Amino acid sequence: MIVKTYVAGPFDANNYLVIDKDSKEAVLIDCSDVTKDIIDEVKNNNLDLKYILITHGHFDHVLGINGMKSALDTTVVVPREDLILIDNINEHSRFFGQEVINIPTHDKTYDEGIDLRIGQHEIEVIKTPGHTEGGVSLLIGRNLFSGDTLFKDSFGRTDLYGGNTEKLVKSIVYELFRLPGNTIVYPGHGNSTTIEYEKLHNDIMHYVKRG
């Protein structure tokens with residue numbers, strides 16, 4: 001399994017191209033801009049891009065959906081609970097001084113019984129609300145794509161629409177921290193980390209102790 005990281009969009013969001021070497025199938029996790037390097041990687045290597053998978057509905061993670069879907073002819077899957085954020089994207093983007101002309105579209109939501117796979121690898125959808133109501137983390141083998149739920153040494157903000165601190169703490173402590181310590185965490189912004197490291201060092205643990 002190959003994981004390639006592309007930083008794109010107005011707030012330097014991580015877009016992850018995950019490639020199964022054997023089948024040459026791939027998925028793109030989060031889509032913050034129309035990124036030529038990703039398009040070239042897929043087309044030049046004859047990859048079969050099965051899905052664009054969105055971890056949550058904030059505008060800085062979905063801005064590239066329409067252009068990338070058109071360029072790569074693939075299926076876009078989003079969290080159902082975050083459709084309100086995507087369909088009303090400018091209510092959020094204007095808060096950050098951004099204006100979105102083309103509202104991102106989607107094909108499916110995670111709760112529609114989709115069997116998500118890349119090659120022989122199952123893509124497990126872990127519901128991790130708190131940063132947004134519909135936030136998910138995606139587990140492929142020992143690779144966890146946590147969106148804006150869990151960062152290295154930190155965690156997602158909860159002061160925007162759909163945010164809930166109690167839910168975020170539960171998502172991290174009871175869902176993500178149950179995973180093996182050697183699970184590699186690929187967050188929505190910033191550097192990768194591991195579950196073992198975050199259980200020892202993440203600010204969320206100080207919050208839990210204070211609570």
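Which backbone nitrogen does a side-chain oxygen of N164 reach at the start of α5? To find out, select N164 and E166 together: the side-chain oxygen of N164 comes to within 3.1 Å of the backbone nitrogen of E166. Keep in mind throughout that you are looking at a predicted model.

**Stop 1: along helix α5**

Now extend your selection to residues 165-176, which make up helix α5. Its twelve residues should span 16 Å at 1.5 Å a residue, and the end C-alpha atoms are 15 Å apart, which agrees. Next, colour L168, V169, S171, I172 and L176, the buried residues of this helix. Turn the view until you look down the axis of α5: these buried residues fall within an arc of 160 degrees, so they line one face of the helix. Then pick out E166 and Y174, which are exposed on the other side of α5. You have met E166 already, as the residue whose backbone nitrogen N164 approaches.

**Stop 2: helix α2 and its cover**

Move on to α2 (65-72). Select I65, M68 and L72, its buried residues. Looking down the axis again, you will find the buried residues of α2 within an arc of 75 degrees, so they line one face of the helix. What lies over them? Show β3 (25-29), α1 (36-44), β4 and β5 (75-78), which are among the elements covering the buried residues of α2. Before leaving, click on D73, just after α2, where phi is positive at about 50 degrees.

**Stop 3: the loop before α2**

Step back to the loop between β4 and α2, and select H58. Is H58 buried or exposed? It is buried, with a relative accessible area of 2%. Show what surrounds it: beyond its neighbours within four places in sequence, H58 is in contact with L85, H92, H131, T132, L160 and Y161.

**Stop 4: aromatic pairs**

Time to show the rings. A pair of aromatic rings is described by the distance of the centres and the angle of the planes. How many aromatic pairs does the structure hold? There are four. Start with F11 and F59, an edge-to-face pair with 5.9 Å from centre to centre and 85 degrees between the planes. F11 sits in the loop between β1 (2-8) and β2 (13-19), while F59 sits in the loop between β4 (48-53) and α2, so the pair ties together parts that are 48 residues apart in sequence. Try a surface view here: F11 is partly exposed at 35% relative accessibility, whereas F59 is buried at 2%.

Next select Y16 and Y186. Their ring centres are 5.4 Å apart and their planes stand at 65 degrees, so this pair is edge-to-face. Y16 belongs to strand β2 and Y186 to strand β13 (residues 184-187), so the pair ties together parts that are 170 residues apart in sequence. Both Y16 and Y186 are buried. Add F145 to the selection, and you have a cluster of Y16, F145 and Y186 linked by ring pairs.

One more ring deserves a click: Y197, with K152 lying over its face at 5.5 Å from the ring centre.

**Last stop: N90**

Finish in helix α4 (residues 89-93), where you will find N90. N90 is buried, with a relative accessible area of 11%. For a sense of distance, draw a line from the C-alpha atom of N90 to that of I184: they are separated by 33 Å, and the two residues are 94 residues apart along the chain.

Terms used: Residues numbered from 1 in each chain as written. Predicted model: local features only at pLDDT ≥ 70, side-chain atom pairs only at ≥ 80, totals over all residues. Heavy atoms only, no water. Helix = DSSP H or I, 4+ residues; strand = E, 2+ residues; numbered from the N terminus. Buried < 20%, exposed > 50% of the residue type's maximum accessible area, 1.4 Å probe, protein only. Phe/Tyr/Trp six-rings, centres within 6.5 Å; stacked < 30°, edge-to-face > 60°. Lys NZ or Arg CZ within 6 Å of the ring centre and 35° of its normal. Arc of directions from axis to C-beta. Contact = heavy atoms within 4.5 Å. Expected span 1.5 Å × (residues − 1). Polar contact = N/O pair within 3.5 Å; in protein donor to acceptor, adjacent residues only side chain to side chain.
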